Amino acid sequence: MTDTPDLVVLLYRADWTRLSLAAEVSHTIDHDLEALRPEAGMSLTGAPTRPRGPDRPVGRSGRRARPSGNEWEKATDRQGTETSRSTLLVAPGGRCRYQGDGFASGCDGDRSWQEFEEEGRLVERTGGPRPPLATLLRPSWLLNGYTLEIGGSAATLGREGLRVVATPRRSLRDAATQWRRPVDRVEVIVDAELGILLRQQEIYQDKPLSLTELVSVSFNPVEAADDAQFRPPSGWEAAEKNSENPTPSGPGWELTKLATGLAARRLGAMLKSRTDPFGQATNEEPEAAMPEDEPMPSGGPVSDEVLHLLYESESRQAPGIEATRHEWGDFGAMLSQLPDELLQMGFRGFGSLADEVALRVPNDYGVARLRISGPDRYRIDYVLRAGKSRLKAVISDGEQRWRILDDEVKVGPAVPPAVTSPLTEIANLFDPSWLLESRLTGGTETVIGGRRGYRLAVASDNRRWPPLIPPDEVVVDAELGFLLCTISHAAPPDGSAAVAPARATARSELRDVITGYSAEPGDFQPDLPPGTPVVEEDPAHYAMPDPAKMPRAMAEAVARKAAKEAQSAVEGFVDFIRGGAARLPPDDADDLAGDDDQASHLIRRIAGMAGQ
């Protein structure tokens, strides 16, 4: 190997759906060391709010109800070091078969299946091919939140490779939420031609935590030409008939249903605060109407230049940046994304109201002035917010965080909350490397807020995506790589490609951007008038609960917020939409609108989840 390849391009463009190979895979994990790692933060729906790092393979299916081949959950009931073997067969077109002790799974390019000895047969259909061993076959996760250093060449299994050390890098996303579990570094060997990983080892507390590697591999194997290898053993018809798709249940699912009720209260509060919502939106706030959509970007794969912009964006923004963020949300379009299946499982009341909401509820429009310097210093001043929000600003100097309300200031440690916060969406704009785990196309030039950018179409089957409502269109700043604009569109009900332009559910734009901002003393501390009440927040409020008690702890936290007059609040919302005279109790409306607009984020999270 004479020339060192471009690592960002190599990892991003690695395409497992074009491969034809057979391999034996070895998995080793130190359960004692794994038990020492704290858990990552959880969203209010019970799913990780951000990627936790590489998806790890299943060692054995003995303790798991549904091993996916993409994750290895924390095994608190095991001790010592465990090693297991599995086999992998991949053929062009996204066909694959992956099996080990007690489990087997596969994909014929369109549908996926899984089979387990302990629970009988389970078949799940997906929207497209998905890698059976994402840790190795979809290596673009290394571009999301890691600094990469090439340590030289390495030959293994007759393949030329690159030794690469991936070290977690701090970013604004780490201040937004506890999105990943700690690891010192990840050491990998990258196939210099194909971009896939031949070996991947996690190091924690300077000790090997886990190791996944190919111990043998052959290309273009004869068995890859046999379509039967990628079908369920009993055939699709029998497998689908016998499939056991479990209905979601438990504290996490009940919490999600509870969140919808809290979200309804958020809408009710917004409606209450506007005697004539449409009139106020159009007359008092000219910008409240969401900007007109352009046709979706078209074209081939994104350029290498844009890939580097996304990966290097945060380092290009030093020493700091200022901007004004304009945000629009179409609640009617969001609600229309809830499928019938979710309504039948407890999310009643929203789907049947979606059309009426579209007529009565204006776009949710907000404006905030942003000042950011490094991974933990930021200032968000809310210029305009929907409803009667009490929150006026959020400021962090890296050590303390202040929440400025109408009548008081809350101060606490500058630690990320355990759940998704309003800062999360802003952090995703200024550290857009998470987009490198998706499929990006296009790249036509456009102008947003006076700055030149590249318009990209975004698509992904990756369930680890961070945004509350995943965008399908973004504009990347041509100079610094942050996201000037993100747009999310309503998907067709049947999941097929839209024939006509889809309705936008959310849009965010950065304007009045000032680069090269250098912080002055006091920029990231509040200037409080004398006599302002200051309330110290309990540090335990931000601490991560015990993993085993996580669902219950989150449920109780949300329940406390939603319990007071929850039923009457939802009834008031329904009555208002239907033309009735009911209103939310004033105290409830103020409380709901004033606490970080968490309910607004909840409804967006629910709509985003429904579209996955």
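A residue counts as buried when its relative accessible area is under 20%. Eight of the ten residues of strand S1 (residues 21–30) fall in that class, so S1 is largely enclosed by the rest of the structure. This is a predicted model.

**Strand S1 and its neighbours**

S1 has strand S11 (residues 207–219) as a partner: the two run antiparallel and are joined by nine bridges. Glutamate 24 has serine 216 of S11 as its bridge partner. Strand S2 (residues 81–91) also runs antiparallel to S1, with ten bridges between them. Here isoleucine 29 is bridged to glutamate 82 of S2.

Proline 221 belongs to the loop between S11 and helix H5 (236–241). Is proline 221 buried or exposed? Its relative accessible area is 12%, and under 20% counts as buried, so proline 221 is buried. Proline 221 touches Ser20, Leu21, Ala22 and Leu89, leaving aside residues up to four places away in sequence. Leucine 21 is 200 residues from proline 221 in sequence, yet their C-alpha atoms are 6.0 Å apart.

**The twelve-stranded sheet**

An open sheet of twelve strands has mixed pairing and the order S18-S19-S20-S21-S22-S12-S13-S14-S15-S16-S17-S23. Strand S18 (439–448) and strand S23 (534–536) are at the edges. Each has a single partner strand, so one side of each lacks a neighbour in the sheet. From one strand to the next, the twist averages 20°.

At the S23 edge, the pairing is parallel: three bridges link S23 to strand S17 (residues 409–413). Valine 409 is opposite valine 534 of S23.

Strand S13 (364–373) is mostly covered, with eight of its ten residues buried. S12 and S13 run antiparallel, joined by nine bridges. Glutamate 327 has glycine 366 of S13 as its bridge partner. S13 also runs antiparallel to S14, through seven bridges. In that pair, serine 373 is matched with arginine 377 of S14. The hairpin of S13 and S14 has three residues between the strands. Glycine 374 in this hairpin takes a positive phi near 85°.

Two helices lie across strands of this sheet. Helix H8 (residues 304–316) crosses S18, strand S19 (451–459), strand S20 (473–477) and strand S21 (483–489), at about 95° to S19. Helix H12 (residues 423–430) lies across five strands, among them strand S12 (321–329) and strand S22 (504–515). H12 runs at about 120° to S12.

**Nonpolar cores and rings**

The largest nonpolar core has 89 residues. Which members touch the most other members? They are Leu148 and Phe430. Helix H1 (residues 7–12) gives the most to this core, with six residues. A second, separate core has six residues, including Ala393, Ile395, Ile404 and Val411.

Leucine 148 has contacts from several parts of the sequence. Leaving out residues up to four places away, it touches Leu7, Leu11, Leu142, Leu143, Val164, Val165, Ala166 and Tyr311. Tyrosine 311 has a charged neighbour too: arginine 169 lies over the face of its ring, 4.6 Å from the ring centre.

The structure holds five aromatic pairs. One of them joins tryptophan 141 and tyrosine 146 edge-to-face, with 5.9 Å centre to centre and 75° between the planes. Both tryptophan 141 and tyrosine 146 are buried.

**Backbone details in loops**

The peptide bond from alanine 318 to proline 319 is cis, with omega near 5°. Proline 319 sits in the loop between H8 and S12.

Leucine 157 and aspartate 206 have positive phi values, though neither is glycine. The table places them.

| Residue | Phi | Loop | Relative accessible area |
|---|---|---|---|
| Leucine 157 | near 55° | between strand S7 (146–156) and strand S8 (159–168) | 33%, partly exposed |
| Aspartate 206 | near 60° | between strand S10 (197–204) and S11 | 65%, exposed |

Why is aspartate 206 classed as exposed? Its relative accessible area is 65%, and exposed means over 50%, so aspartate 206 qualifies. Leucine 157, at 33%, lies between the 20% and 50% limits, so it is partly exposed.

Key. Residues numbered from 1 in each chain as written. Predicted model: local features only at pLDDT ≥ 70, side-chain atom pairs only at ≥ 80, totals over all residues. Heavy atoms only, no water. Buried < 20%, exposed > 50% of the residue type's maximum accessible area, 1.4 Å probe, protein only. Helix = DSSP H or I, 4+ residues; strand = E, 2+ residues; numbered from the N terminus. Pairing = 2+ DSSP bridges. Axes fitted to C-alpha atoms, helices over the stretch in contact; angles between N-to-C directions. Contact = heavy atoms within 4.5 Å. Core = buried A, V, L, I, M, F, W, Y, C linked by side-chain atoms within 4.5 Å. Phe/Tyr/Trp six-rings, centres within 6.5 Å; stacked < 30°, edge-to-face > 60°. Lys NZ or Arg CZ within 6 Å of the ring centre and 35° of its normal.
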